[in-house]
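Please examine the model shown below. The paragraphs that follow lead from a single residue to the packing of helices and then to the chain as a whole.

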Amino acid sequence: MESDSVLDDEITTNSPLLPPDVVGGGEGRSGSDSATAVLVLSTFVAVSGSYVFGSAVGFSSPAQSGILDDLGLSLAEYSLFGSISTIGAMIGAVVSGKIADLFGRRGAMGFAELFNIVGWVSIAFAKNAWWLDSGRLFTGFGVGLLSYVVPVYIAEITPKNLRGAFTAVNQLMICCGASIVYLIGNIINWRLLALIGTIPCLIQLVGLFFIPESPRWLAKIGKWDRSEESLVRLRGKNANIYEEAAEIRDYTITLEQFEDSRMVDLFQRKYAHSLIVGVGLMVLQQFGGVNAIAYYASAIFSSAGFSYRVGTTTMVIVQVPMTVLGTLLMDKSGRRPLLLVSATGTCLGCLLIGLSYLLQDLKLWDFSPSLAFGGVLIFSGSFSLGMGGIPWVIMSEIFPINIKGLAGSLVTVVNWFGTWIITYSFNFLAQWSSAGTFLVFASVCGLTVIFIVKLVPETKGRTLEEIQASMILFGTEK
């Protein structure tokens with residue numbers, strides 16, 4: 001089209017940010033093949049928020065006995081403290097997309113950390129349950145915001161050949177945050193543990209002043225020069241950003257032809273595939289039993305006759321290297337193979353735990369502890385390999401920029417709502433039938449394998465614009 005030709009000429013001739021050897025078609029080094037210092041720094045600052053996420057999730061378990069003793073809370077009051085963060089996270093998730101669209105990805109992360117700092121300080125100096133719950137609600141809100149904006153920011157700043165691994169660091173840092181808080185929480189006082197929780201918040205808050213904004217968000221709001229400037233910083237001064245900048249610009253201009261998106265617009269046929277994949281992966285992730293095992297691992301080990309201290313410590317040791325392995329393989333093997341292996345492993349893990357409880361019901365105790373131990377470790381390791389982080393990676397890749405805020409909020413709310421349902425209902429389900437509960441979880445994991453095979457696209461090695469265009473095309477095919 002003529003307008004496209006004019007647009008391309010304008011980018012080539014009028015962009016002072018492109019080096020002379022690139023303008024006019026010269027040879028320039030592609031910035032997509034390497035990770036620059038600015039890209040690494042930007043990712044580190046972003047995933048500091050992921051560490052905050054993990055430390056908030058892992059705080060309640062090691063702090064329980066100290067808080068109950070110091071403040072004299074009942075078990076019901078402490079249960080409220082533990083679960084109210086999920087309510088805060090759902091509220092944060094609801095507004096996360098809108099805040100990230102209005103104030104940018106950096107602005108949203110900074111806004112979240114203000115809530116996290118206030119929350120941690122409130123918990124650290126709490127004199128009663130009201131201050132504890134308020135602080136927990138604040139950290140929950142901040143974590144709900146971060147759970148959306150961190151993977152989206154990383155996906156939008158990284159080149160296609162590094163995007164999977166860099167975005168997967170989000171899950172690695174969540175895992176590290178929870179594991180480290182769990183380990184040191186058994187050594188130090190809970191108030192000091194809460195104060196330590198402010199350190200990664202401050203690191204991210206300060207770091208945000210030194211990293212560029214997402215070039216795709218800047219393009220969305222019409223700041224083309226700043227978008228190109230951001231790309232130059234991220235790819236390196238000698239990198240050829242022309243092709244990437246032109247693709248972002250062309251795709252953004254195409255999307256600008258549509259009116260501002262409303263929630264009802266998400267349910268148009270052209271977005272159906274993206275929405276089914278994004279929401280479906282989050283539903284299957286949560287209803288596959290991950291939070292039942294994460295929150296109640298000690299009870300599962302104890303009820304099966306296995307040492308809960310040995311079991312939970314080993315579980316933590318397994319999770320971190322498996323998450324690292326998944327991160328390293330993300331851009332080599334692809335998303336789909338990792339998801340399939342991960343979902344199959346979680347299915348096997350749930351089957352073994354269910355079989356352990358079934359043997360208990362039949363009064364056959366000899367193999368029950370070993371099956372429960374092996375089942376939890378297989379589930380935890382398999383989940384950390386793929387199902388823990390890849391749904392968030394794919395969520396950050398598949399939605400077009402014009403609906404990404406609304407769609408991302410919806411997907412994140414679904415994830416946190418699923419977390420609340422499982423953690424709230426697990427004890428009731430276990431009273432009904434522990435074996436039956438884990439066999440249901442195993443069935444969901446088996447369904448996940450089918451869902452991945454039939455519907456989840458491979459996004460490795462493709463630009464965000466390519467992925468999103470193909471998803472829309474699939475949704476409009478009859």
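Ser 382 counts as buried because its relative accessibility is 13%, where buried means under 20% relative accessible area, exposed over 50% and partly exposed in between, with a 1.4 Å probe and protein chains only. The structure is a predicted model, in which local features need pLDDT of at least 70 and side-chain atom pairs count only at pLDDT 80 or more, whereas totals for chains, interfaces and linings use all residues. Residues are numbered from 1 along each chain as its sequence is written, and side-chain values use heavy atoms, with hydrogens and water left out.

Ser 382 belongs to helix α15, residues 368-387; helices here are DSSP runs of H or I with at least four residues, strands are runs of E with at least two, and both are numbered from the N terminus. A polar atom of the Ser 382 side chain lies 2.8 Å from the backbone oxygen of Ile 378. Beyond residues up to four places away in sequence, Ser 382 touches Ser 342, Gly 345, Thr 346 and Met 387, contact meaning heavy atoms within 4.5 Å.

A second residue to consider is Gln 319, which lies in helix α13 (residues 308-333). When neighbours within four places in sequence are left aside, Gln 319 is in contact with Cys 175, Ser 179, Ser 380 and Ser 384. One of these partners, Ser 179, is 140 residues from Gln 319 in sequence, yet the C-alpha to C-alpha distance is 8.6 Å.

The packing of whole helices comes next. Helix α2 (residues 37-71) packs against helix α7 (residues 198-207) at an angle of about 155°, and their axes are 8 Å apart. Axes are lines fitted to C-alpha atoms, for helices over the stretch in contact, and angles run from 0 to 180 degrees between N-to-C directions. This angle makes α2 roughly antiparallel to α7, since angles over 145 degrees count as roughly antiparallel, under 35 as roughly parallel, 65 to 115 as roughly perpendicular and the rest as oblique. The crossing of α2 and α7 is left-handed, that is, the near helix is turned anticlockwise from the far one by less than a right angle.

On the α2 side, Phe 44, Val 45, Ala 46, Ser 48, Gly 49, Tyr 51 and Val 52 meet Pro 200, Cys 201, Ile 203, Gln 204 and Gly 207 of α7. By class, this contact of α2 with α7 comprises eight nonpolar, four polar and no charged residues; Ala, Val, Leu, Ile, Met, Phe, Trp, Tyr, Cys and Pro count as nonpolar, Asp, Glu, Lys and Arg as charged, and the others, Gly among them, as polar. Ser 48 of α2 counts as buried because its relative accessibility is 5%. Outside its neighbours within four places in sequence, Ser 48 is in contact with Pro 200, Ile 203 and Gln 204.

Helix α14 (residues 335-361) and α16 pack at an angle of about 150°, with axes 11 Å apart, and their crossing is left-handed. Arg 335, Leu 338 and Leu 339 of α14 make this contact with Ile 390, Pro 391, Val 393, Ile 394 and Glu 397 of α16. The classes represented are six nonpolar, no polar and two charged residues. Helix α16 (residues 390-398) is mostly covered, with nine of its nine residues buried; Trp 392, Met 395 and Glu 397 are among them.

For the chain as a whole, there are 18 helices and zero strands. Of its 478 residues, 56% count as buried. Among contacts with a separation of 6 or more, 83% are between residues 24 or more positions apart.

Definitions and conventions: Polar contact = N/O pair within 3.5 Å; in protein donor to acceptor, adjacent residues only side chain to side chain.
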